[in-house]
Amino acid sequence: MIKQEIVQNLIGGNIFLKMVRVILAIVVIVLTSYNQIAETELMPYYMFFLGALILVTGFSELQKDRKGFWGYMNIVISLFIFFVSIEGFLMN
């Protein structure tokens, strides 16, 4: 019975979304830190990963049955950040 609950949580996305959110947060922190130290042009890359992080946060808010304003707002903000990062990729 416990094994079935673990599989349902994993498939349901509770554990998976948390792991993806932590990994994306680490990637964003590492890229921004490296960009500050080395002063390179990594802005489109960490904006892309920041958009993915905000998108995952929005999905987790919607999955928690908090179908309020902030879940949808996170998704809209992430789409805007994706648009800006793609524009940054094309400009370079």
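This section describes the nonpolar core, the nonpolar surface patch and the aromatic pairs of the structure. The model is predicted, and every value given below was computed from it.

The largest nonpolar core comprises 9 residues. Its members are Leu17, Leu24, Ala52, Leu53, Leu55, Val56, Leu62, Ile75 and Phe82. Two or more residues of this core come from each of helix H2 (14-38), helix H3 (43-63) and helix H4 (69-91). The greatest contribution is that of H3, which supplies 5 residues. Contacts of one core member, Leu53, were also examined. When neighbours within four places in sequence are set aside, Leu53 is in contact with Arg21, Leu24 and Ala25. Of these partners, Leu24 is itself listed in the core.

A second nonpolar grouping lies on the surface. This patch is formed by Tyr45, Phe48, Ile86, Phe89 and Leu90, which together have about 510 Å² of accessible area. Helices H3 and H4 each supply at least two residues of the patch, and H4 gives the most, with 3 residues. Phe48, a patch member, is located in helix H3. Its relative accessible area is 35%; because this value falls between the limits of 20% for buried and 50% for exposed, Phe48 is classed as partly exposed. Tyr45 is likewise partly exposed, at a relative accessible area of 41%, and Phe89 belongs to the partly exposed class with 34% relative accessibility.

Aromatic side chains were then considered. In the whole structure, 4 aromatic pairs were found. One of the pairs joins Tyr45 and Phe89 in an edge-to-face arrangement, with 5.0 Å from centre to centre and 70° between the planes. Since Tyr45 lies in helix H3 and Phe89 in helix H4, this pair ties together parts that are 44 residues apart in sequence. Both residues also belong to the nonpolar surface patch.

Phe69 and Trp70 provide a further pair. Their ring centres are 5.0 Å apart and their planes meet at 75°, so this pair is also edge-to-face; the angle satisfies the requirement of over 60 degrees for that class. Phe69 and Trp70 are both exposed.

Finally, Phe48, Phe49 and Phe82 form one aromatic cluster. Within this cluster, Phe82 is a member of the largest nonpolar core, whereas Phe48 is part of the nonpolar surface patch. The cluster therefore includes a residue from the core and a residue from the patch.

Terms used:
Residues are numbered from 1 along each chain as its sequence is written. This is a predicted model: local features need pLDDT of at least 70, side-chain atom pairs count only at pLDDT 80 or more; totals for chains, interfaces and linings use all residues. Side-chain values use heavy atoms; hydrogens and water are left out. A nonpolar core is a set of buried Ala, Val, Leu, Ile, Met, Phe, Trp, Tyr and Cys residues joined through side-chain atoms within 4.5 Å. Buried means under 20% relative accessible area, exposed over 50%, partly exposed in between (1.4 Å probe, protein chains only). Helices (H or I, at least four residues) and strands (E, at least two) are DSSP runs, numbered from the N terminus. Contact means heavy atoms within 4.5 Å. Patches are made of residues with over 30% relative accessible area and no salt bridge: like charges are joined within 9 Å, nonpolar side chains (Val, Leu, Ile, Met, Phe, Trp, Tyr) within 5 Å. Accessible areas come from the Shrake-Rupley method with a 1.4 Å probe; for residues, only the protein chains shown count as cover. A salt bridge is a side-chain nitrogen of Lys or Arg within 4 Å of a carboxyl oxygen of Asp or Glu. Rings of Phe, Tyr and Trp (its six-membered ring) pair if their centres lie within 6.5 Å; planes under 30 degrees apart count as stacked, over 60 as edge-to-face and the rest as tilted.
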